[in-house]
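Consider how the pockets of this protein are lined and where its ligand is placed. The following paragraphs take the pockets in turn.

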Amino acid sequence: MQIGNLTFDNYPVFLAPMEDVTDISFRLLCKEFGADMVYTEFISSDALIRHVNKTKTKLEVSEEERPVAMQIYGKEIDPVVEAARICEEARPDILDINFGCPVKKVAGKGAGAGMLRTPDKMIAIAREVVKAVKIPVTVKTRLGWDNDHKIIVDLAEQLQDCGIAALTIHGRTRAQMYSGEADWTLIGEVKNNPRMHIPIIGNGDINSPESCKQAFDRYNVDAVMIGRATIGAPWIFEEIKHYLTTNEWLPKKPFDYYLSVLKRQIIQSVNRLDERRSILHSRRHIAASPLFKGIPDFKPTKIAMLRANTQAELFDIMNSISAI
Ligand SMILES: Cc1cc2nc3c(=O)[nH]c(=O)nc-3n(C[C@H](O)[C@H](O)[C@H](O)COP(=O)(O)O)c2cc1C
């Protein structure tokens, strides 16, 4: 599979862009475990062109994580184009435009999934961004605004006509937010539309090697993108990639191995950022990690981990945990 001049092996599996999750430390770990491409958190075009410092830190990419896609969002053509040019200078491999974020502060203002109500504007932004930068431009969106407006099949053709290099589809409408089950049938319909020739990346509810394989086999997508199932579990890429090539589950490793992975993520983050922000960031991963599921009477330990303020405090608690 090819996106622009990037070539991917069979069954590519991508790390989804996730705000406050896919910072550089986490992306590097996912890459190490076999993610074929990683995405930055989304970057506000308006904040970027206003040179907001916190936003500018999101422009950092590392050679080891390539190929990496940088994602932007915005609601007007000019700021998005200007932000796209700033992103290009940071040298990501791909520039992705977010037309799928459902949260009110984004979609309510007409950006992200809000664009599904103004498809002409979405198309205009995609067209102008493609013209403005030399790197491949891709789009990530949803099926439509709500159940009565699932416009993705036509929209995909129009986006393709703008010159985008690939399209990621999350199998939900904006109205669904993250509820219900992702509906992959329309993703499959886009993929099997004879007029479509750009790669289609399927996204939504993939959380195991089996569900990933099924997505490839049933819907014929060119790549699968995984979000929530990676949080606190970057090793899922290794499990999935192993299963996709062998049809067998990778044998489970000891508890301490996975614990050391989570600790390594925190250490890398502290080294790159600072201790306070890294500890705050690690909380989302710790809270969501499947590693601690099923440990009896674990709640007080989990609360203590989520309250720890320093790396030393957190590691002391982590070191006291024994697997079941
Ligand atoms: C915490 C969180 C943050 C997210 N941030 C972004 C984002 O910045 N850009 C984006 O396109 N999607 C974002 N998403 C959506 C995911 O990329 C993905 O489309 C969605 O979670 C569905 O995939 P999944 O079922 O594998 O999680 C976010 C999702 C979560 C849970």
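For the linings described here, Asp, Glu, Lys and Arg are classed as charged, Ala, Val, Leu, Ile, Met, Phe, Trp, Tyr, Cys and Pro as nonpolar, and the others, including Gly, as polar. The model is predicted. Under this classification, the lining of the second largest pocket comprises nine charged, five polar and three nonpolar residues.

The second largest pocket holds about 500 Å³ of space. Its lining numbers 17 residues, of which Asp 23, Glu 41, Thr 57, Leu 273 and Arg 277 are the closest to the centre. At least two lining residues come from each of helix H1 (24-32), strand S4 (37-44), helix H11 (255-272) and helix H12 (275-288).

The largest pocket encloses about 640 Å³. Among its 31 lining residues, Pro 17, Met 18, Glu 19, Tyr 178 and Arg 228 are the closest to the centre. Strands S7 (137-144), S8 (166-173) and S10 (223-226) are the elements that contribute two or more residues to this lining, and S7 provides the largest share, with three. By class, the lining has 14 nonpolar, nine polar and eight charged residues.

Which space does the ligand take? The ligand occupies the largest pocket. Around the ligand are 17 residues, and Gln 71, Lys 140, Asn 203, Asp 205 and Arg 228 come nearest. This shell consists of six nonpolar, six polar and five charged residues. A ligand nitrogen atom lies 2.8 Å from a backbone N or O atom of Glu 19. A side-chain N or O atom of Lys 140 is 2.8 Å from a ligand oxygen atom, and a backbone N or O atom of Asp 205 lies 2.7 Å from an oxygen atom of the ligand. The ligand taken alone exposes 610 Å², of which the protein buries 90%.

Conventions. Residues numbered from 1 in each chain as written. Predicted model: local features only at pLDDT ≥ 70, side-chain atom pairs only at ≥ 80, totals over all residues. Heavy atoms only, no water. Near = heavy atom within 4 Å. Polar contact = N/O pair within 3.5 Å; in protein donor to acceptor, adjacent residues only side chain to side chain. Areas by Shrake-Rupley, 256 points an atom, 1.4 Å probe, with all protein chains shown as cover. 1 Å grid on protein atoms, 1.4 Å probe; cavity = no way out; pocket = protein on both sides within 12 Å on 5 of 7 lines; lining within 4 Å. Sits in = over half its atoms within 2 Å of the grid points. Points joined across faces, edges and corners; volume = space filled by probe spheres on them. Helix = DSSP H or I, 4+ residues; strand = E, 2+ residues; numbered from the N terminus.
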